[in-house]
Amino acid sequence: MNILYLSTVFPESSDTSTIYTDLAEELAKEHKVYVVTNAEKKRNKETYICQERGCTVLRVKTGNQYNVGFVEKGFTIIMLGFLFRKAIRKYFSRKKFDLILYETPPITLYGVVKFAKNKYHAHCFLMLKDIFPQNGVDLGIIRKNGFIYWYFRKLEKKIYQVSDTIGCMSKGNINYIRTHNAIEDNKMILFPNTKRIKNHQQQNINILRKYHIPQNKTRFIFGGNMGRPQGVRFLAKCIYACKDIPDAFFLLIGRGTEKEMVRTMLTGCENSLVIDELPRNDYEELLIQCDVGIVSLAYDFTIPNYPSRILSYMEFGIPTLAMTDIVTDFKELIEAANCGIWIPSNSEEKFRECVQTLLDKEKRKVMGANGKKYLQDHFSVFKSVEIINRTMENI
């Protein structure tokens, strides 16, 4: 089977993996995978084609999407579909594809998906990772029923219509899409986030010294994007409220629009450290040395987000302290796996109570082991490949 995979989150380095690269690499063991992804212009590279991770990868020169202003990012996202379509015409015009695989965000890929579907007469499989533009409304970025909302809502409906299969991360996602859109039930399937599971046993205590992290405390780690969706300003308030808990230390690693604000808020807070995005090896070595993983989402969401960050915490056998809105069914995952504690993201006092509970080493050990087993049973990348293969067999 030939697969055309449209993705905007496909890192260049084989040392860095995501749930998307894991899936592409695993699919490439059975099928021929052709990835079309973006190469930001700040990298000073023209469009090029290469072999990576067992796939043929077409990196299309686009505008800048990350660590830039809202206007520049918005323009880049709007232009993605056009630039991808142009590159596919040039490089893959004579190819035949059986499956077109793509994720949202961004929904602006609708144009290129429609083009590819008409050209190749292939099955279109959407991996729904975000529900936009409603999440923008929830965060106050987009005005409900304004022009911007109307434009993106129209694209959202169109990308659902052009998709033959819509893979949703959770049952909550399926119910939300079904309630708010006129979509045939047989289009939607459960397609959870998955990853390649590795064994991480090597201990490197020197990594703590390298980043000036105390060795004699319980280390809580938040790794990933620090933006408004993650509610990191409130997370910073919660961490500050724990400044008098002597055995707790909080580590925040990543990039995002709110990172510098969080750093400012935690100035003088000796129980915390904010670090920029790290090389993958350093990040994983730090995860091995940490005791609790933090998942945080803004409380204002009315859509059932389902953060994939928990998969790394499960993989490394550490419990999760999840602080989210009350709409998501992420709470049910924590309870089913018995791999941590869930609280709504509106109470500093509850966060503080959870921190004190998770200072108990034996409780952490049990929860961490539970999470690792649940990951192996339910969220291995093999599950995703199995679902895709079964979908194509049933056509």
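Select Arg-196 and Asp-22. In this predicted model, their side chains meet in a salt bridge, 3.4 Å from N to O. The two partners come from distant parts of the chain, 174 residues apart. Arg-196 sits in the loop between β8 (188–190) and α7 (206–210). Asp-22 belongs to helix α1 (residues 19–27). Colour Asp-22 by accessibility: with 2% relative accessibility, Asp-22 counts as buried.

Now widen the selection. Add Glu-25, Glu-26, Lys-29 and Arg-53 to the pair. Salt bridges with shared partners tie these residues, Asp-22 and Arg-196 into one network. A search of the whole structure finds 24 salt bridges.

Stay with helix α1. How many of its residues are buried? Nine of its nine are, and the helix is mostly covered. Among the buried residues are Ile-19, Tyr-20, Leu-23 and Leu-27. Charged names appear there too: Glu-25 and Glu-26 are also buried.

**A buried glutamate**

Go to Glu-103, in strand β5 (residues 99–104). Glu-103 is buried but has no salt bridge. Which side chain of opposite charge is nearest to Glu-103? Select Lys-129, which is 7.8 Å away. A salt bridge needs a nitrogen-to-oxygen distance within 4 Å, so that pair does not count as one.

Show polar contacts next. The side chain of Glu-103 makes one with the side chain of Ser-7, at 2.9 Å. Another reaches the side chain of Tyr-5, at 3.3 Å. Then display the wider surroundings. Setting aside neighbours within four places in sequence, Glu-103 is in contact with residues including Leu-6, Thr-8, Val-9, Tyr-20, Leu-109, Leu-126 and Met-127. You met Tyr-20 already, as a buried residue of α1.

**The six-stranded sheet**

Switch to cartoon view. Find the open sheet of six strands, with parallel pairing. Reading across, the order is β11-β10-β9-β12-β13-β14. Which strands stand at the edges? They are β11 (272–275) and β14 (340–344). Each has a single partner strand, so one side of each is left without a neighbour in the sheet. Look along the sheet for its twist: neighbouring strands are turned by 20° against each other on average, direction ignored.

Zoom in on β12 (292–296). It is mostly covered, with five of its five residues buried. Select Val-292, Ile-294 and Ser-296 for one side, then Gly-293 and Val-295 for the other. Both faces are covered, and all of these residues are buried. In a regular strand, side chains alternate between the two faces of the sheet.

Follow the pairing outward from β12. On one side, β9 runs parallel to β12 and is joined to it by two bridges. Phe-220 has Val-292 as its bridge partner in β12. Next, β12 and β13 pair in the parallel sense over four bridges. Here Val-295 stands opposite Ala-322 in β13.

Keep Ala-322 selected and step on to the edge strand. Strand β13 (residues 320–324) pairs with β14 in the parallel sense, over five bridges. In β14, the bridge partner of Ala-322 is Trp-342. Now bring up helix α13 (residues 348–357), which packs on the sheet. The helix touches β9 (218–223), β10 (248–253), β12, β13 and β14. Its direction makes about 170° with that of β14.

**More charged pairs**

Select Arg-364 and Asp-291. Their side chains form a salt bridge, 3.8 Å from N to O. This pair also links distant parts of the chain, 73 residues apart. Arg-364 is in helix α14 (residues 361–378), while Asp-291 is in the loop between α10 (280–289) and β12. Are they buried or exposed? Arg-364 is buried, and so is Asp-291.

Compare Lys-259 and Glu-260. Their side chains meet in a salt bridge of 3.8 Å, N to O. Lys-259 counts as buried, at 13% relative accessibility. Glu-260 is partly exposed, at 46%.

**Last stops**

Select Lys-210 in helix α7. A polar contact of 2.8 Å joins its side chain to that of Asp-282. Then draw a line from Lys-210 to Lys-198, 12 residues apart along the chain: their C-alpha atoms are separated by 24 Å.

Finish at Ala-182, in the loop between α6 (171–180) and β8. Ala-182 counts as exposed, at 83% relative accessibility. Add Gln-161, which is 21 residues away in sequence and 9.0 Å away in space, C-alpha to C-alpha.

Technical notes. Residues are numbered from 1 along each chain as its sequence is written. This is a predicted model: local features need pLDDT of at least 70, side-chain atom pairs count only at pLDDT 80 or more; totals for chains, interfaces and linings use all residues. Side-chain values use heavy atoms; hydrogens and water are left out. Two strands pair if DSSP finds at least two bridges between them. Axes are lines fitted to C-alpha atoms, for helices over the stretch in contact, and angles run from 0 to 180 degrees between N-to-C directions. Contact means heavy atoms within 4.5 Å. Buried means under 20% relative accessible area, exposed over 50%, partly exposed in between (1.4 Å probe, protein chains only). Lys and Arg count as positive and Asp and Glu as negative; His and the chain ends are not counted. A polar contact is a pair of N or O atoms within 3.5 Å; within protein, one must be able to donate a hydrogen and the other to accept it, and residues adjacent in sequence count only if both atoms are side-chain atoms.
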